[in-house]
Amino acid sequence: MNKLIRFLPLIVFIVLGVVLYRGLSLNPQDLPSALVGKPMPVFNLPALKNPERDLTEQALKGHISLVNVWGTWCPSCRYEHPYLVDLAKSDRFKLYGINWKDDRDLAKEWLVKLGDPYQFSIFDEFGKLAIDLGVYAAPETFVVDKHGIIRMRFAGPIDANVWREKFEPVIQQLEQEG
Amino acid sequence: MNTKLVAKNFGLSSLLLTFLLSISISMTFSVDASPVDTYQFDNEVLKTRYQALVKELRCPKCQNQNLADSNSQIAIDLRREVYNMLHEGKADKEIVDFMVARYGDFVLYRPKLSKVTYVLWFAPAVLFLLGIIIVIVMVRKRAGNANKAELSADENQRLAAILEQVNDETVQQSVPATQVSPEINKELNKGSE
């Protein structure tokens, strides 16, 4: 007993050391989304290219959707854009955009210049839908299944590595679910 | 010489004055340092509730700031959202639930009591109690040991020698007890206990 007490500080030190060392390699920005497993929020917003066209969450149902939050003011969106254009060629899913707190003309110009990977972009001028999605920075991408349930959320730009490690397994799982 | 001293004093006090002034100025400004929205409130209660809420809610983007302190786009949006909901007549709890539903428990600076946060809430109290128990046990143990302490044969011999010496001295020279050297006095007292 006495011996145990003598070694207690060492044991506490080692346990603390292990815990804190692990903490060093955790990314504090990597927040779990409160929306995974929940349905896509209800919205009714105009399309970016055609303000007359009303878009709702119903448009996302019936297939696997990727919903990408972007804005022309966001440098990382510029970085991931070519990869999105590449992704859009796939017929395994459909890619949609949420144009977040942006200038309509600038956004349209961006799509003309860099290519438009999206089926349509939702024009979220005041960031209302983004807040409902729990978005805190662009770009963010959500994977929505055919029932309109959010299955995954990824914060940050997508590139080939991210796609292979994070998205591919989820998409495959959704495809198996049929 | 005298003027030099005065000048020196004057220099010091002006330095001090400048220092104090700069502190007070920086404090005045630091009060206003957090971003200010020009929101108009219907009444003081709404304003107070708003201020309490934006202090309580964490900015999801800039993680060590609350909504009130942050200037990021998302914090501005969320402040506006809080403001709008307050004016729609929503309760504080509804607003907090709204944020948690979107951004998770992470937005709360005061984490909710749940299975995951039991450790967070109770560990300090448990550790404190544990500390007190350990201290009590140790103190008791030590007190017990002190009572049990006995003089070794060698120490007994020394004590007897000292006592004898003292007795001799008091008899022969009738030295008052107060004049006995403090060291011996101590030993004497110990023996009589």
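**Close-up 1. A salt bridge links E81(B) to K128(A) in this predicted model.** The closest N and O atoms of E81(B) and K128(A) sit 2.5 Å apart. To count as a salt bridge here, a side-chain nitrogen of Lys or Arg has to be within 4 Å of a carboxyl oxygen of Asp or Glu. Between chain B and chain A the tally comes to three salt bridges. On the chain B side, α3 (73–87) and α4 (92–103) each bring at least two residues to the side that touches chain A. The largest share comes from α3(B), with six residues. Helices (H or I, at least four residues) and strands (E, at least two) are DSSP runs, numbered from the N terminus.

A word on the ground rules: residues are numbered from 1 along each chain as its sequence is written, while chains are lettered from A and ligands numbered from 1 in the order in which they are written. Since the model is predicted, local features need pLDDT of at least 70 and side-chain atom pairs count only at pLDDT 80 or more, whereas totals for chains, interfaces and linings use all residues; side-chain values use heavy atoms, with hydrogens and water left out.

**Close-up 2. The wider meeting of chain B and chain A.** Here 17 residues of chain B are in contact (heavy atoms within 4.5 Å) with 19 residues of chain A. About 1400 Å² is buried between the two chains, and carbon and sulfur atoms give 52% of that. Buried area is the accessible area (1.4 Å probe) that two parts lose on being put together, summed over both. Five residue pairs, both at pLDDT 80 or more, are in polar contact across the two chains. A polar contact is a pair of N or O atoms within 3.5 Å; within protein, one must be able to donate a hydrogen and the other to accept it, and residues adjacent in sequence count only if both atoms are side-chain atoms.

**Close-up 3. Strand β3 of chain A, covered along its run.** Six of the six residues of β3(A) (residues 65–70) are buried, where buried means under 20% relative accessible area, exposed over 50%, and partly exposed in between (1.4 Å probe, protein chains only). S65(A), V67(A) and V69(A) point one way, and L66(A), N68(A) and W70(A) the other. That fits a familiar theme: in a regular strand the side chains alternate between the two faces of the sheet. Next door, β4(A) (residues 94–100) runs parallel to β3(A), with six bridges joining them. Strands pair if DSSP finds at least two bridges between them.

**Close-up 4. S65(A), in strand β3 of chain A.** S65(A) counts as buried because its relative accessibility is 0%. Its bridge partner in β4(A) is K94(A). The side chain of S65(A) also reaches the backbone oxygen of L60(A) at 3.1 Å. Leaving aside neighbours within four places in sequence, S65(A) has contacts including Y96(A), F142(A), V143(A) and V144(A).

**Close-up 5. D145(A), in the loop between β6 (140–144) and β7 (150–155) of chain A.** Loop or not, D145(A) counts as buried because its relative accessibility is 6%. A polar contact of 2.9 Å joins its side chain to that of R151(A). Beyond its neighbours within four places in sequence, D145(A) is in contact with L60(A), H63(A), R151(A) and L174(A). G178(A) lies 33 residues away in sequence from D145(A), at 9.9 Å in space, C-alpha to C-alpha.
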